Amino acid sequence: MSGLVLRLAGPMQSWGEHSAFGHRDTQPHPTRSGLIGLLAAARGIPRGGDLGDYDTVSFTVRIDRPGDRHVDYHTVGGGLPPKRTVPTAEGKRRGKNQTTVQTWRSYLAGAVFTVAVTGPDTVIDTTAAALQRPHWQPYLGRRAFVPDQPMLLRHGLTDAVAELKHRVPLPPARRERDEIDFVHEADAVQDPGAGTERTRAVLNDVPVPAGPAGGVERSFTFREVLITPEPVPDNLLNRRAGIYREQLMGYMKGETR
């Protein structure tokens, strides 16, 4: 087993878990389905393709900066003549009083996450190579949400989770802090720490294979996650963006902190 460390940052990102119809939600951190989709896209695995390589891969998310949650209100089709309104699933056109389609799309502005990805050596090595030369453009939950660089910080790590806790620098924050929230997959946590305050949540974000007939339908099942506030060394905290970037570059080069 080995691991890699990802940094997910950008002006906007969205990690939906129970989006339906016109309401597109976001979780406060990346979901398992969103992360697998990002890595699979980098490898060129198409929608509906085999994601079995990631069945045994675990993700640990450090919430470096939670960002601000916003909702975009979209409309389309209103005010147009009947022949130009949004088509229905049957190929017809919407009626006179149903021309406007509304959607509410949630997103996180200014959020930063660092993710430890742990799995079999072959999967981690293949994924890391793909992230350096992605087949399709990686995105942060939606195709319009382009990630900031650098995204792949390091790979070939013996303990990627320990890297989050002890080595990867943190971006500046609005307020002083001595603990950072970690999102652990419950099955992967061996020792969360006695007395550690934690929140348990159930998410419907584990992709399941398509049925015997194949297809590109998306289907998911449940998993449990533990969200724990954990202390981090003072030398990982930064108050200035310029110093943070320098330390991030140093970490990527393997410099010891």
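Is Gly 119 buried or exposed? Gly 119 is buried, with a relative accessible area of 0%. The residue belongs to strand 7, which covers residues 112–119. This is a predicted model, and the report below goes from the whole chain to single contacts and then to the surface.

**The chain as a whole**

The chain contains four helices and 11 strands. A compact globule of 257 residues would have a radius of gyration near 18 Å, and the value of 20 Å for this chain agrees with that. Along its principal axes, the C-alpha trace spans about 65 × 45 × 40 Å. Of the 257 residues, 39% count as buried.

**Parts that meet across the sequence**

Some residues that are far apart in the sequence can be compared by the distance between their C-alpha atoms. Gly 119 and Asp 55 are 64 residues apart along the chain, and their C-alpha atoms are separated by 9.1 Å.

Asp 53 sits in the loop between helix 1 (32–43) and strand 4 (58–65). Asp 53 is partly exposed, because its relative accessible area is 37% and the partly exposed class runs between 20% and 50%. The C-alpha atoms of Asp 53 and Thr 122 are 9.3 Å apart, with their positions 69 residues apart along the chain.

Leu 35 is placed in helix 1. With a relative accessible area of 2%, Leu 35 is buried. From Leu 35 to Gly 141 the separation is 106 residues in sequence and 8.3 Å in space, C-alpha to C-alpha.

**Salt bridges**

Side chains of opposite charge can pair when their charged atoms come close. In this chain the count comes to 12 salt bridges. Three of them are listed here.

| Positive side chain | Negative side chain | N to O distance |
|---|---|---|
| Arg 7 | Asp 148 | 3.4 Å |
| Lys 165 | Glu 230 | 3.4 Å |
| Arg 223 | Glu 185 | 2.7 Å |

The side chains of Arg 7 and Asp 148 form one of these salt bridges. This pair links distant parts of the chain, 141 residues apart: Arg 7 is in strand 1 (residues 2–9), and Asp 148 is in the loop between helix 2 (121–132) and strand 8 (152–157). Arg 7 is buried, at a relative accessible area of 4%, while Asp 148 counts as partly exposed at 32% relative accessibility.

What does the salt bridge between Lys 165 and Glu 230 tie together? Lys 165 lies in helix 3 (residues 160–166) and Glu 230 in strand 11 (residues 220–231), so the pair connects parts that are 65 residues apart in sequence. Lys 165 is partly exposed, with a relative accessible area of 27%. Glu 230, at 11% relative accessibility, counts as buried.

In the third pair, the closest N and O atoms of Arg 223 and Glu 185 are 2.7 Å apart. Arg 223 is in strand 11 and Glu 185 is in strand 9, so this salt bridge ties together parts 38 residues apart in sequence. Both residues, Arg 223 and Glu 185, are buried. Salt bridges with shared partners join Arg 32, Glu 185, Asp 205 and Arg 223 into one network.

**A cis peptide bond**

Most peptide bonds are trans. The bond from Gln 149 to Pro 150 is cis, with omega near 5 degrees. Pro 150 lies in the loop between helix 2 and strand 8, and Asp 148 is also placed in the loop between these two elements.

**Patches on the surface**

Which residues gather in a patch of negative charge on the surface? They are Asp 178, Glu 179, Asp 181, Glu 197 and Asp 234. Glu 197 is found in the loop between strand 9 (179–185) and strand 10 (199–207). Glu 197 counts as exposed because its relative accessibility is 64%, and the cut-off for exposed is over 50%.

A nonpolar surface patch is made by Val 71, Tyr 73 and Trp 104, and its area is about 290 Å². Val 71 is in strand 5, residues 68–76. At 45% relative accessibility, Val 71 counts as partly exposed.

Key:
Residues numbered from 1 in each chain as written. Predicted model: local features only at pLDDT ≥ 70, side-chain atom pairs only at ≥ 80, totals over all residues. Heavy atoms only, no water. Patch = residues over 30% accessible without salt bridge, like charges linked within 9 Å, V, L, I, M, F, W, Y side chains within 5 Å. Areas by Shrake-Rupley, 256 points an atom, 1.4 Å probe, with all protein chains shown as cover. Salt bridge = Lys/Arg side-chain N within 4 Å of Asp/Glu carboxyl O. Lys, Arg positive; Asp, Glu negative; His and termini not counted. Charge placed at Lys NZ, Arg CZ, Asp CG, Glu CD. Buried < 20%, exposed > 50% of the residue type's maximum accessible area, 1.4 Å probe, protein only. Rg over C-alpha atoms; globule rule 2.2 N^0.38 Å.
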